[in-house]
Amino acid sequence: MPPYEDEQEIKIDATETVALTSDQDETIDPLASGFEWYKPASGLSTEHNTGGHMWTITGHDMQILTSSVPPGQEIITEVGSFVFMHPEMSTDVELTLCSREGNGCARICSGESCVKVFLKNPTNNEGYVGLTPNYPAKIIPVKFGVNISSGSSIIAQPGSYMTELGNIDLNYDMDCGFKTCCCAGFGVCRQKIAGEDGSIVFLSAGGTVVTRELKNGESIIVDSRSVLAYDESVQLGITSNGRFCTCCCGGEGCFSTTLEGPGTVWFQSFNFTKFQNAVQTTVYEEKMDRGEQGANDGGESAF
């Protein structure tokens, strides 16, 4: 008899689900670990209507956000995210450092550009736009009042903001705790994103994305580079990784990040820093193999 013939086969349905509803397919977390696979839906539904904009996310990786643009409306996005748009639409920019209400310094402190890009539809017909992250990444929609409680905000990794629909406030939060600002992975100035109920911010995330809903007082230990964003109600902390040899040779440094609930946390398996380091290491090794000049000092950056 072949081995495991009597064992029940576990099948995991890879069909994409609607990420903005409370319905959760149990096959997304077959081990009941509490970490749920976050997969934005590819189809349209009433959950994908924000201020008259109907939007959808296409692809499984390096995705494209396609959104309708009602007459007289616009979409605000980051520099370099444009892919395509309706031929009668126009592009405009705002240098927020020169604007009274542009909070340019706050955007810079949060890790974003001081330039805002507006994709406008000045016609009487409905337009469309296509947008994508600035590096190989997935697009994660976070809807205020659904994924985040009303009146709350999220703390996100610097540079994770991509696009917004509705009334979104992109700002920063100061972490004055010496231990956490130096060792927790988010620095002194943390990106803080708030919005009115029904508004959506789209974040860029590398690799596979999972979420975890932390209960009150529940804590987990995580790699600081793998945290994409978390609810502002979550408490950030650090813990030692062990003795001297572990800290020096374990690959995780001296400290790991702790997160204590209540609140939601989003994780990414391959953030931009990991991607950048992997590519730079590959370029350096290739130059070493070819014996090119400049290999000893690392050569030129791949970015």
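**Figure 1. The whole chain, and how its contacts spread along the sequence.** Take the contacts in the protein chain between residues at least 6 apart in sequence: 72% of them join residues at least 24 apart. Keep in mind that this is a predicted model. The protein chain has four helices and 21 strands. Of its 303 residues, 41% are buried. The accessible surface adds up to about 16100 Å², and carbon and sulfur atoms own 52% of that.

**Figure 2. Close-up of Ser152, in a loop between two strands.** Strand S10 (138-143) comes before this loop and strand S11 (153-156) after it. Is Ser152 buried or exposed? Ser152 is buried, as its relative accessible area is 12%. Which residues does Ser152 touch, once those up to four places away in sequence are set aside? The list reads Phe144, Ala194, Asp231 and Glu232. For a longer hop, look across to Asp197: the two residues are 45 apart in sequence, with their C-alpha atoms 9.6 Å apart in space.

**Figure 3. Close-up of Asp197, in the loop between strands S14 and S15.** Strand S14 covers 189-195 and strand S15 covers 200-205. Asp197 counts as partly exposed, at 49% relative accessibility, whereas Ser152 from the previous view is buried. Skipping neighbours within four places in sequence, Asp197 is in contact with Phe144, Gly145, Ser150 and Gly151. Phe144 also turns up among the residues that Ser152 touches, so to speak a shared neighbour of Asp197 and, once more, of Ser152. Asn167 sits 30 residues away from Asp197 in sequence, and the C-alpha to C-alpha distance is 8.7 Å.

**Figure 4. Close-up of Cys109 and Cys189, two cysteines without a bond between them.** How many disulfides does the structure hold? The count is zero. A disulfide is a covalent bond between the sulfur atoms of two cysteines. Why is there no bond from Cys109 to Cys189? The closest cysteine sulfur to that of Cys109 is in Cys189, 4.5 Å away, and that is too far for a bond, because a disulfide needs the two sulfur atoms within 2.5 Å. Seen from the other side, Cys189 is in no disulfide either, and the nearest cysteine sulfur is that of Cys109. Cys109 is partly exposed, with a relative accessible area of 32%. Cys189 is partly exposed too, with a value of 26%.

**Figure 5. Close-up of Cys183, in helix H2.** This helix takes in residues 178-183. Cys183 has a relative accessible area of 26%, so it is classed as partly exposed. Leaving out neighbours within four places in sequence, Cys183 is in contact with Ile238 and Phe255. Ser224 is 41 residues from Cys183 along the chain, and their C-alpha atoms are 8.7 Å apart.

**Figure 6. Close-up of the second largest pocket.** Rolling a probe the size of a water molecule over the atoms shows where empty space is left. In the second largest pocket, that space comes to about 340 Å³. Which residues are closest to its centre? They are Tyr135, Pro158, Gly159, Ser160 and Phe272, out of 18 residues that line the pocket. Sorted by class, the lining has eleven polar, four nonpolar and three charged residues.

**Figure 7. Close-ups of two backbone oddities, at Met62 and Pro262.** Most residues other than glycine have a negative phi, and most peptide bonds are trans. Met62 is not a glycine, yet its phi is positive, at about 50°. Met62 is in the loop between strand S3 (53-58) and strand S4 (64-69). With 56% relative accessibility, Met62 counts as exposed. Then there's the peptide bond from Gly261 to Pro262: it is cis, with omega near 20°. Pro262 lies in a loop too, the one between strand S20 (255-260) and strand S21 (263-268).

Key: Residues are numbered from 1 along each chain as its sequence is written. This is a predicted model: local features need pLDDT of at least 70, side-chain atom pairs count only at pLDDT 80 or more; totals for chains, interfaces and linings use all residues. Side-chain values use heavy atoms; hydrogens and water are left out. Buried means under 20% relative accessible area, exposed over 50%, partly exposed in between (1.4 Å probe, protein chains only). Contact means heavy atoms within 4.5 Å. On a 1 Å grid over the protein atoms alone, a cavity is a set of points where a 1.4 Å probe fits but cannot get out, and a pocket is an open set with protein on both sides within 12 Å along at least five of seven lines; lining residues have an atom within 4 Å of a point. Grid points are joined across faces, edges and corners, and a volume is the space filled by probe spheres set on the points. Ala, Val, Leu, Ile, Met, Phe, Trp, Tyr, Cys and Pro count as nonpolar, Asp, Glu, Lys and Arg as charged, and the others, Gly among them, as polar. Accessible areas come from the Shrake-Rupley method with a 1.4 Å probe; for residues, only the protein chains shown count as cover.
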